[in-house]
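Open your viewer, set it to cartoon, and keep the sequence panel at hand. We will walk from stop to stop, with a selection to make at each one.

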Amino acid sequence: MVKKPTKATSKKTKPAKAKTKKVKASAKTEKFKATHDELMHYYREMLMIRRFEEKSGQMYGMGLIGGFCHLYIGQEAIVVGIQAGLKDGDATITGYRDHGHMLAAGIDPNAVMAELTGRATGISSGKGGSMHMFSTEKHFYGGHGIVGAQVPLGTGVAFANKYKGNDNISVIYFGDGASNQGQVFEAFNMAKLWNLPALFIIENNQYAMGTAVERATGRADLSHRGDSFAIPGKLVDGMNVLEVKAETDKAVKYIRSGKGPMILEMKTYRYRGHSMSDPAKYRTKEEVQKMRAEHDPIDQIKDRLLKSGKVTEEELKELDKELKAIVTKSADFAQASPFPEPSELYTDILIEGEA
Amino acid sequence: MSDTKILTLIEAVTAALDHEMGLDKEIVLMGEDVGKNGGVFRATDGLQQKYGDERVMDTPLAEAMIAGLSVGMAAQGMKPVPEIQFMGFVFPAFNQIATAAARMRNRTRGRLTMPITFRMPYGGGIHAPEHHSESTEALFAHIPGLRVLIPSNPTRAYGLLLASLRSPDPILFLEPKRVYRMVKHEVEMNGVALPLDKCFVDREGDDITLISWGAMMHETLLAADQLAKDGVSVEVIDVATVAPMDMETIFTSVRKTGRCVVVQEAPRAGGLGSEIAAEIAEHELMSLIAPIGRVAGYDTIMPYAKMEMQYMPSVERVVEEAQKVLKYV
Ligand SMILES: Cc1ncc(C[n+]2csc(CCOP(=O)(O)OP(=O)(O)O)c2C)c(N)n1
Ligand SMILES: [Mg+2]
């Protein structure tokens, strides 16, 4: 669990209803003093991802998305908090649960939705789908379907940053399950050996498909994964965007100063199934409901915003409407787009003609 | 006395595992979510409940380790059955399969055997890209010391998996996931294994031989139906045990028909179809009346969703190629 519920909340007999969510803003939050504009920005970014993912789920249900679709719902605070601590040119790489990372990096939702639905206007020309999306412009190095394989790749991106002396860092996201892959440790070792500007983010949503984190490792506090490589690590409440931002700032400062890599374990939770086809036999509905009710990253910020008196419920509703419209537009755009031409089967395999 | 059950291919896999686990305590299953969840495709459904978590083990996400561990277990006489969740995830394990499992018997001059059955779903048909859909059987068939089996239907899945579980050799057991729930067979639950080194002649005919394996057997048989309507007498061979391959059955057929088409889902270049064609050309050139035909996937990376349909060889493509070969004089 991310945080023990307070006595008051655990005494409740019924799980809180969606409308009457009572979210505790933790004292730790005060570590990062966000301005009102910053809070509004995080709120907007997180809500945008949530609405986008809800739509993706619907589109999948309607048979418009092929293969698999891994939603980011519940984990929004992580990418939003981290993105806020980066600067232009910093690189991002992640696994297949990547829609949120792309949106946070500022990539056009139309291009993402079109890709999910396999359309020619998608960011990978409709040939990659949800797992294989890239944006060189935004230094987003994918979208990878092989669990853990992105970690050495991201380390190589960090190597290039150092080699070029460009002061940029590489943010490498992977899951709790991925953290058990051997190549992750190989990457840790080299990243420290050469003090590469790599920020390793373990998105510990507590399950790898149906396997709970403690059923897959003898030491489930993953922030210690770097101990034997001399990489410092820290446990962060990944449901709290302000804490994520605060810890990102510190880590980024450390890494940019040339001290080498760092690991942040983001404790988080995915509300939906592993992918859209998940029988969810491995956890209870109550467990999910409890996380949503007590730790929701978006509700936490909403609560703060409303308490501050600087924004009204009405204004937040307007914002939600605006985001929903963007998402609906992306779905319409995708559905109105053509599928790739059959000739696309042969494009971008090797350089055509003389290299 | 044995009963029969009406099973899908995936249920036949479960049935064979269950049957053999009941007889042989050395058999253990392992893999990602194979235990508590019964596997992502449910191939091991119910087996942990029946045999316990010491024999049906959920492993961490670590394919290199899963394969390496299997080699060590087999060296002590155990019979591990690791599941690689999708064939596309086998590459971290490739090293241990290719450089340890396949060679241990030879290296120890027969002192150690490697009774490992690496089970993995493979092939297209679920609209997912790349590693979730590709057919890379040729990569493994190329490695001496490995057997590669591909059942095309429930009966063969049951019989070939039993054979595999009883074999002292390391075996890649590739399950065409498109067929998992596509057809049902009445399967005799008699514990009788099928041979590990024999092609199956599924239909006898005199005019042309169609050769395939795995999911493509379905397109191939449909193509044969269509050709039969035009009065063509078609022989159809399911290779099934793709490595080592029973060329004799194929030669015998080609000697009779003089014409053949090989159908594979994998990309064309360097695939098993090339090997079959080369063998026929080398040994049966004089029996051939027409050049050997091939229908294959394209030499490209398995595309996503709708484009998958353009990639996969269709019944029409098989019929067309067969007609071309038949017309040749
Ligand atoms: C090498 C490899 N093995 C297995 C899989 C299948 N698979 C996809 S996601 C996943 C679970 C990963 O869990 P985690 O790393 O915790 O990430 P999460 O899905 O929770 O975000 C598995 C087993 C894969 N894609 N690649
Ligand atoms: Mg996880």
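Start by selecting Val171(A) and Leu199(A): Leu199(A), in β3(A), is the bridge partner of Val171(A). Now widen the selection to strand β2 (residues 170-175) and strand β3 (residues 198-204) of chain A, which run parallel and are joined by six bridges. Strands and helices here are DSSP runs, numbered from the N terminus, with at least two residues (E) for a strand and at least four (H or I) for a helix. Two strands pair if DSSP finds at least two bridges between them.

A word on what you have loaded: this is a predicted model, in which local features need pLDDT of at least 70 and side-chain atom pairs count only at pLDDT 80 or more, while totals for chains, interfaces and linings use all residues. Residues are numbered from 1 along each chain as its sequence is written, and chains are lettered from A and ligands numbered from 1 in the order in which they are written.

**The sheet in chain A**

Colour the strands β1-β2-β3-β7-β6 of chain A in that order, and you have an open sheet of five strands with parallel pairing. At its edges stand β1 (91-93) and β6 (233-237) of chain A, each with a single partner strand, so one side of each has no neighbour in the sheet. From one strand to the next, the twist averages 20 degrees.

Next, select helix α8 (residues 241-259) of chain A. This helix lies across β3, β6 and β7 (262-267) of chain A and runs at about 170 degrees to β7(A). Axes are lines fitted to C-alpha atoms, for helices over the stretch in contact, and angles run from 0 to 180 degrees between N-to-C directions. Contact means that the C-beta atoms of two residues, placed from the backbone, lie within 7 Å.

**Ligand 1**

Which residues are closest to ligand 1? Show Val147(A), Gly175(A), Gly177(A), Ala208(A) and Phe89(B), the closest of the 20 residues that surround it. A residue counts as near when its C-beta atom, placed from the backbone, lies within 6 Å. The surrounding residues come from chains A and B, so the site is shared between chains. By class, this shell has nine nonpolar, six polar and five charged residues. Nonpolar covers Ala, Val, Leu, Ile, Met, Phe, Trp, Tyr, Cys and Pro; charged covers Asp, Glu, Lys and Arg; the others, Gly among them, are polar.

**Where the chains meet**

Now show both chains. The contact takes 34 residues from chain A and 28 residues from chain B. On the chain B side, α3 (63-75) and α11 (306-311) each supply at least two residues, and α11(B) gives the largest share, four residues. That side of chain B has 16 nonpolar, six polar and six charged residues.

**The sheet in chain B**

Hide chain A and pick out β9-β11-β10-β13-β14 of chain B, an open sheet of five strands in that order, with mixed pairing. β9 and β14 (293-297) of chain B are the edge strands, each pairing on one side only. Strand β13 (residues 260-267) of chain B runs parallel to β14(B), joined by four bridges; there, Pro267(B) has Gly297(B) as its bridge partner. Helix α10 (residues 272-284) of chain B packs on this sheet, touching β10, β13 and β14 of chain B, and its direction makes about 155 degrees with that of β13(B). Add helix α12 (residues 315-327) of chain B, which lies across β10, β13 and β14 of chain B at about 160 degrees to β14(B).

**Backbone details to zoom in on**

Most residues other than glycine have a negative phi, and most peptide bonds are trans. Go to His139(A), which has a positive phi of about 55 degrees although it is not a glycine. His139(A) is buried, with 20 other C-beta atoms within 10 Å. Buried means 20 or more such atoms within 10 Å, exposed 12 or fewer, and partly exposed in between, with C-beta atoms placed from the backbone. Asp33(B) has a positive phi too, about 65 degrees, and is buried with 21 other C-beta atoms within 10 Å.

Is the peptide bond from Ala243(B) to Pro244(B) cis or trans? The bond is cis, with omega near -15 degrees. Pro244(B) sits in the loop between β12 (241-243) and α9 (247-257) of chain B.
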